[in-house]
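Work through the exercises below with the sequence and the model at hand. Each task is followed by a solution in steps.

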Amino acid sequence: MPHPLQPLAEIWVYLATTPLLGLTLTLVAYQAGHWVYVRSGMNPLLNPVLLAVAALVALLLATGTSYTTYFEGAQFVHFLLGPAVVALAIPLHQQLPNIRRLFVPIVGALVAGSFTAVVSAVAIAWSLGASNVTLLSLVPKSVTAPIAMGIAEKIGGIPALTAVLVVATGIIGAALGKFVFDAMGIADYRVRGFALGIAAHGIGTARAFQVNAEAGAFAGLAFGLQGALAAFLFPVIYFALRHFM
C-alpha cells in the first residue's frame, strides 16, 4: 500500500528539477502569509510579504536550495512587477482632480520626504560607524528595488546590499506605518498614503491599498515620483559633491 504522502513527495521531486519550484514556493508562501494576515484581522505586524519572506528563507536554508535555483522560477513573479506598477495609473487617474488641487503640497512633501529618507538613514548609519560603501548603499533604500540597485551601482554602493535594505525598509514601513500615523494624529488617508509611498515604496503602497483606495492612489503617486526623482537627482548630486570635495 503506497504511503499517503507519496503523491506530495513525487510532486516535490518534480518541482525541484524545474523552474516551477521557485514560482510555486513564492505563490504558496505568499498565500499562506496572506491567510495568516487576514485571520489576524489584517494586523500590520503580520504583513504577508514579511511572513512569506521569512518562510521562504527558512525553507531554502532547510533544504539547502540555492537562491539561484529558487530565482529561476521566481523571476516570473519578478517580471510582473513592471505591469503592476503601470497599473497604478488607473487609481491615479481617478484621483486626478485631487492631485491637481494639491500640486504644491505634493511637491513639497516629495522633496522633504526624499531628503529626510536619505539624510536620516545615512546619518544614523554613519554615527554607528558604517563604512563608506554601506553608506552609499543606504542612500536609495526608500526607492523601489530596480531603480535603487541602479543608483547604488552608479554611486559606488553594493546593489545586492541595497536590494536587501530596500525590502527591509518596505516591510518595516508597511508594518509600523499605521502606528506612527496614529501616534502623530494623522487621519487623512491622502497624507498617510503619500508618506507611506515615499518611505516604503512598493510594499508600503500595497499596504496602503489594503487599507483605503485613496491612500493607495496617493501612495502609488509618491512611489512613482520618488523613483523618478531619485533616479535623476541622486547620481547628479553625488558626482557634483564628489567633484567639489
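**Exercise 1.** At what angle do H2 and H3 pack, and how far apart are their axes? Classify the packing and describe the contact.

*Solution.* The model is a predicted one.

Step 1. The angle between H2 and H3 is about 135°, and their axes are 8 Å apart.

Step 2. Angles over 145 degrees count as roughly antiparallel and those from 65 to 115 as roughly perpendicular. The angle fits neither class, so H2 is oblique to H3.

Step 3. H2 and H3 cross with a right-handed sense.

Step 4. On the H2 side the contact includes Leu25, Ala29, Tyr30 and Tyr37, and on the H3 side it includes Pro48, Val49, Leu56 and Leu60.

Step 5. Sorted by class, this contact of H2 with H3 has twelve nonpolar and three polar residues, with no charged ones.

**Exercise 2.** Describe the packing of H11 against H12 in the same order of steps.

*Solution.*

Step 1. H11 covers residues 159-184 and H12 covers residues 189-211; they pack at about 135° with axes 7 Å apart.

Step 2. That angle makes H11 oblique to H12.

Step 3. The crossing of H11 and H12 is left-handed.

Step 4. Among the contact residues of H11 are Val166, Gly170, Gly173, Gly177, Lys178 and Asp182, and among those of H12 are Arg192, Ala199, Gly204 and Arg207.

Step 5. The contact of H11 with H12 holds ten nonpolar, six polar and four charged residues.

**Exercise 3.** Which residues lie nearest the centre of the largest pocket? State its volume and lining as well.

*Solution.*

Step 1. The volume of the largest pocket is about 1700 Å³.

Step 2. Its lining has 46 residues, and those nearest the centre are Val49, Val77, Leu81, Val167 and Ile203.

Step 3. Elements giving two or more residues to this lining include H2, H3, H11 and H12. Helix H4 (67-79), helix H5 (81-87) and helix H10 (145-155) are also among them.

Step 4. The lining of the largest pocket divides into 34 nonpolar, eleven polar and one charged residue.

**Exercise 4.** How many cavities of 30 Å³ or more does the structure hold? Find what lines the largest.

*Solution.*

Step 1. A search of the whole structure gives one cavity of 30 Å³ or more. The largest cavity has a volume of about 30 Å³.

Step 2. Its lining includes Ser114, Ala117, Val118, Lys141, Gln226 and Phe234.

Step 3. Helix H8 (103-127) and helix H13 (213-244) each give two or more residues to this lining. H8 gives the most, with three residues.

Step 4. By class, the lining of the largest cavity has six nonpolar, three polar and one charged residue.

Technical notes: Residues are numbered from 1 along each chain as its sequence is written. This is a predicted model: local features need pLDDT of at least 70, side-chain atom pairs count only at pLDDT 80 or more; totals for chains, interfaces and linings use all residues. Side-chain values use heavy atoms; hydrogens and water are left out. Axes are lines fitted to C-alpha atoms, for helices over the stretch in contact, and angles run from 0 to 180 degrees between N-to-C directions. Helices (H or I, at least four residues) and strands (E, at least two) are DSSP runs, numbered from the N terminus. Angles under 35 degrees count as roughly parallel, over 145 as roughly antiparallel, 65 to 115 as roughly perpendicular and the rest as oblique. A crossing is left-handed if the near helix is turned anticlockwise from the far one by less than a right angle, and right-handed if clockwise. Contact means heavy atoms within 4.5 Å. Ala, Val, Leu, Ile, Met, Phe, Trp, Tyr, Cys and Pro count as nonpolar, Asp, Glu, Lys and Arg as charged, and the others, Gly among them, as polar. On a 1 Å grid over the protein atoms alone, a cavity is a set of points where a 1.4 Å probe fits but cannot get out, and a pocket is an open set with protein on both sides within 12 Å along at least five of seven lines; lining residues have an atom within 4 Å of a point. Grid points are joined across faces, edges and corners, and a volume is the space filled by probe spheres set on the points.
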